[in-house]
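Here are my notes on two helices, for someone opening this one for the first time. Have a look at the model, then read on.

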Amino acid sequence: MQRFYLDDNATTNLDPRVRVVMEPLLTAPLGNPSSLHAEGRRARGEIDAARDSIAAWLKGKPSEIIFTGGGTESCNLAVQGLACANGGKGRHLITAKTEHHAVLHAFEALEKWKGFEVTYLDVNAGGSIDPDDLARAIRPDTILVSIMSANNETGVRQPMREIGEICAKRKILFHTDAIQSAGKEEIDLAAWQVGALSVAAHKMHGPLGAGLVWLKTGVSIARLMEGGSHENERRPGTENAPAIAGFAEAVRLFGKVDPAESQRQFRWTERLWQELSSLGGVRRNGAGTSSVQRLPNTLNVSFQGLHGEDLLIGLDLAGLAVSSGSACLVGSVQPSHVLAAMGVPAEWASATVRFSIGPHIRDEDGDEIARRVRQVVNHQRALRGWKPDPISVQAVPQEALV
């Protein structure tokens, strides 16, 4: 049975061309990038070349790139590092309730251990924050706003230009977790007016274990670890030269968005939604009527009458690799904090599937994937004796998409 990988928002497959770039650095003698001998200089050269090419992709400066061990570290370094470095100016921070846990838990740590006060912004039913809510939440002692550019569970895009403009007018640092946006939408540092931005390589067909923080020149950041003077004394630890070189190659291959491919993926996810909506008792979560409102590759669907973990296992056995909108904690499935913040009822949120695709999924795969999903859902509903009401097909209200 052919398997279909539909979980690109969790991690993408390493592109063979990226592996080709990395392999010589994994097999040949390669020194510590901080060493002065030839092997060390070779490693340093690979990192410097990667830094130059990634900075050019972001339209930034090489000195503004801080390499890290991945997305979670990048978000923690940005959020906690910016807050601690600028805490003398104020102790109030702002984020949204739908952020990735790498951001939310960083803010919670600042509240618990560093004495900061955090405002967690609500989102509407479509998953977007209201820029007016952000403006109202800003206080004289606000020093940092962190809002992700696109949500990892729903694909919902936030109004980045409006957020950046509000922060710039009030002279407040703005960080964005752009980990899901990289390779799927254009990252525009100037238009977004960010002071810091986080990206991870493995979300764009690069290797696991490589990430970065772009930090605008002149912005202060506190290091989270102690050690050497790596990354201009902002992130100690020997850099992973092979992974960083792979990161740069992934950026070269996938950093520029292909509008035709984006539209193809949007049409594909819209078609899948139409196929699944015929089941009844289904709901699409997040703004979905426009590729401007959500990442084109992402579809988040809830199914009534099912158990979340059973649904994921059933789909896996049917050859579909997907993720849930729920988090498994000590063997129990709890509703996603993202869906809860959007007001999705628990009976819907408890059985949610996120479909997130990449170029490897072909147009002609859609019919077979939809058939397998319908088969699993119908089978599990039959076992539970549940039948949907004919009018129970639900979607986010149109007014929530504005």
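The points below go through helix α9 and then helix α6.

1. Before anything else: this is a predicted model, where local features need pLDDT of at least 70, side-chain atom pairs count only at pLDDT 80 or more, and totals for chains, interfaces and linings use all residues. Residues are numbered from 1 along each chain as its sequence is written, and side-chain values use heavy atoms, with hydrogens and water left out.

2. Helices here are DSSP runs of H or I with at least four residues, and strands are runs of E with at least two, numbered from the N terminus. Helix α9 covers residues 241-254, and its 14 residues should span 20 Å at 1.5 Å a residue (times one less than the number of residues). Its end C-alpha atoms are 20 Å apart, which agrees.

3. At the start of α9, look for N240: a side-chain oxygen of this residue comes within 3.2 Å of the backbone nitrogen of A243.

4. How many residues of α9 are buried (under 20% relative accessible area, 1.4 Å probe, protein chains only)? The count is 12 of 14, so the helix is mostly covered. Among them are P242, F247, E249 and F254. The cover includes α1, α2, β2, β7 and β8 (contact means heavy atoms within 4.5 Å).

5. Now α6, residues 160-169: M160, I163, G164, I166 and C167 are its buried residues. They line one face of the helix, because they fall within an arc of 160° seen down its axis (taken from the directions from the helix axis to the C-beta atoms).

6. On the other side of α6, R161 and K169 are exposed (over 50%). The buried residues of α6 are covered by elements including α5, β5, β6 and α7. After α6 comes K171, with a positive phi near 55°.

Technical notes: Polar contact = N/O pair within 3.5 Å; in protein donor to acceptor, adjacent residues only side chain to side chain.
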